[in-house]
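Hi,

Here is the structure I said I would pass on. Have a look at it first, and my notes follow below.

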Amino acid sequence: MGNQEILNRAVAALNNNLYRDKATIDYVGDIPYLTVMGKRFVCIVEPNLTLGMMVDKIPNDYKQPDKDVRCLYVTINATPKMLEVAKLPDINILDCAGNCNIQYQQKNGNIVFMIANKGEKPVEYITAKAYPIFLEKGLKVIFYLLLDKKNVGRPYREIMDATEVAIGTVKNIIDGLIYQQFVRVENNKRFLTNTDRLLMLWATNYGQNLKPKLIQTRFTFRNEENRRNWEKLVLPAGMVWGGETAAALTDGFITPGEFTIYTNAPAATLMKTGAVIPDADGEIAVYQKFWTGADVRTVPAALIYSDLMDTANGRCIEAAQKIKENELKYLL
């Protein structure tokens, strides 16, 4: 489906839910603008929109000299997390089913209007097909490549040993990355390209396609003192901090509200610390490690970024951007 059809369908779906002052589209050059309730939004049409794209800097092509114009992301299907993120100031979204969060906020913080709709059935028959490279095995291989840009140039057998993915599958994934222009080949050597977009797509697809399969169990702190002094907790061998806790240990930008642990040891080993007890609704989530390599205190920065983005929480997304700017500069 082309961008024009996506835009037309989305605006039509929006108008179905507006009883007056129907939205209209006009163009300045090749850039579409939506006008609704007398206010203008420049439309950024992204068929495969990700959370990372939504919270990243607005593309230069869409920066407007008119301070009264806001930006609106238009996509095929907006996920619940995207709709949640769109509650933040200056982030608006609309999809082809009519799901949306659109607000016009003045610079002093006053909201002129807000249009919100969710729960509409996804437009399944025009949903962009998921690339095989972003399924489970592809996500493991891409994660290894994101750890060090030099990894993409290593022999397939080395990548297989590092990721525990069959060598034939590794080759297919690399070929897929070449086709999608995330890897280029020069003089029989491979190089990562478009790494910013690759990181965002990996983070989004990891949260959707792999992370839910890795959850093992949950715990809660035995008491408030244990929770307050979580940084002093010595995790058993094979366990490392992820998510908000890893971000706090990395740059101190965030105070954890949720606690994430990745492990290749039995989850019950955590109880030997004496600081936690089992709790199905607890704030400590334990996930299975999916990568190999020497353990340090936290997961790699790319995984911290993904865990934070997966929350769709404003403070976590802000922390994710700090991780991207400071810890992932080698990719950008």
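Let me start with Asp26, which has a relative accessible area of 26% and is therefore partly exposed. Before going further, please keep in mind that this is a predicted model.

Asp26 has a partner. Its side chain meets that of Arg40 in a salt bridge, at 2.9 Å from N to O. Asp26 belongs to strand S1 (residues 24-28) and Arg40 to strand S3 (residues 39-45), so the pair ties together parts that are 14 residues apart in sequence. Arg40 is also partly exposed, because its relative accessibility is 27%. As background, side chains of opposite charge can pair when their charged atoms come close.

The count comes to 14 salt bridges, and two others are worth opening in your viewer.

The first on my list is Lys211 with Asp307, where the closest N and O atoms are 3.0 Å apart. This pair links distant parts of the chain, with Lys211 in helix H7 and Asp307 in helix H10 (residues 301-310), 96 residues apart. Are these two buried or exposed? Lys211 has a relative accessible area of 9%, and buried means under 20%, so Lys211 is buried. Asp307 comes out at 3% relative accessibility, so Asp307 counts as buried as well. The pair also belongs to a network of salt bridges that links Lys81, Lys211, Asp307 and Asp310.

The next is Arg315 with Glu244, the closest N and O atoms being 2.8 Å apart. Again distant parts of the chain are linked: Arg315 sits in helix H11 (residues 314-326) and Glu244 in helix H9 (residues 243-251), 71 residues apart. Here the two ends differ in burial. Arg315 counts as partly exposed at 36% relative accessibility, whereas Glu244 is buried at 5%.

Now for some helix packing. H7, the helix that holds Lys211, packs with helix H4. H4 covers residues 136-147 and H7 covers residues 195-214; the angle between them is about 135° and their axes are 10 Å apart. The two helices are therefore oblique to each other, and H4 passes H7 in a left-handed crossing.

Which residues in H4 meet H7? On the H4 side they are Glu136, Leu139, Lys140, Ile142, Phe143 and Leu146. In H7 they meet Leu198, Leu199, Trp202, Asn205, Tyr206, Asn209, Leu210 and Lys213. Sorted by type, the residues of this contact are nine nonpolar, two polar and three charged.

H4 turns up again around helix H5 (residues 156-163). The buried residues of H5 are Ile159, Met160, Ala162 and Thr163, and what covers them includes H4, helix H6 (167-179) and strand S9 (189-192). Just after H5, Glu164 takes a positive phi of about 60°, in case you want to check backbone torsions there.

Last, a residue from a loop. Ala237 is found between helix H8 (224-228) and strand S11 (239-242). Ala237 counts as exposed, because its relative accessibility is 72%. If you want a distance to check your setup against, take Ala237 and Ile159: they are 78 residues apart along the chain, and their C-alpha atoms are separated by 25 Å. Ile159 is one of the buried residues of H5.

That's what I have so far. Shout if anything looks odd on your side.

Cheers

Technical notes. Residues numbered from 1 in each chain as written. Predicted model: local features only at pLDDT ≥ 70, side-chain atom pairs only at ≥ 80, totals over all residues. Heavy atoms only, no water. Axes fitted to C-alpha atoms, helices over the stretch in contact; angles between N-to-C directions. Helix = DSSP H or I, 4+ residues; strand = E, 2+ residues; numbered from the N terminus. Parallel < 35°, antiparallel > 145°, perpendicular 65-115°, else oblique. Left-handed = near helix turned anticlockwise from the far one by under 90°. Contact = heavy atoms within 4.5 Å. Nonpolar A, V, L, I, M, F, W, Y, C, P; charged D, E, K, R; others polar. Salt bridge = Lys/Arg side-chain N within 4 Å of Asp/Glu carboxyl O. Buried < 20%, exposed > 50% of the residue type's maximum accessible area, 1.4 Å probe, protein only.
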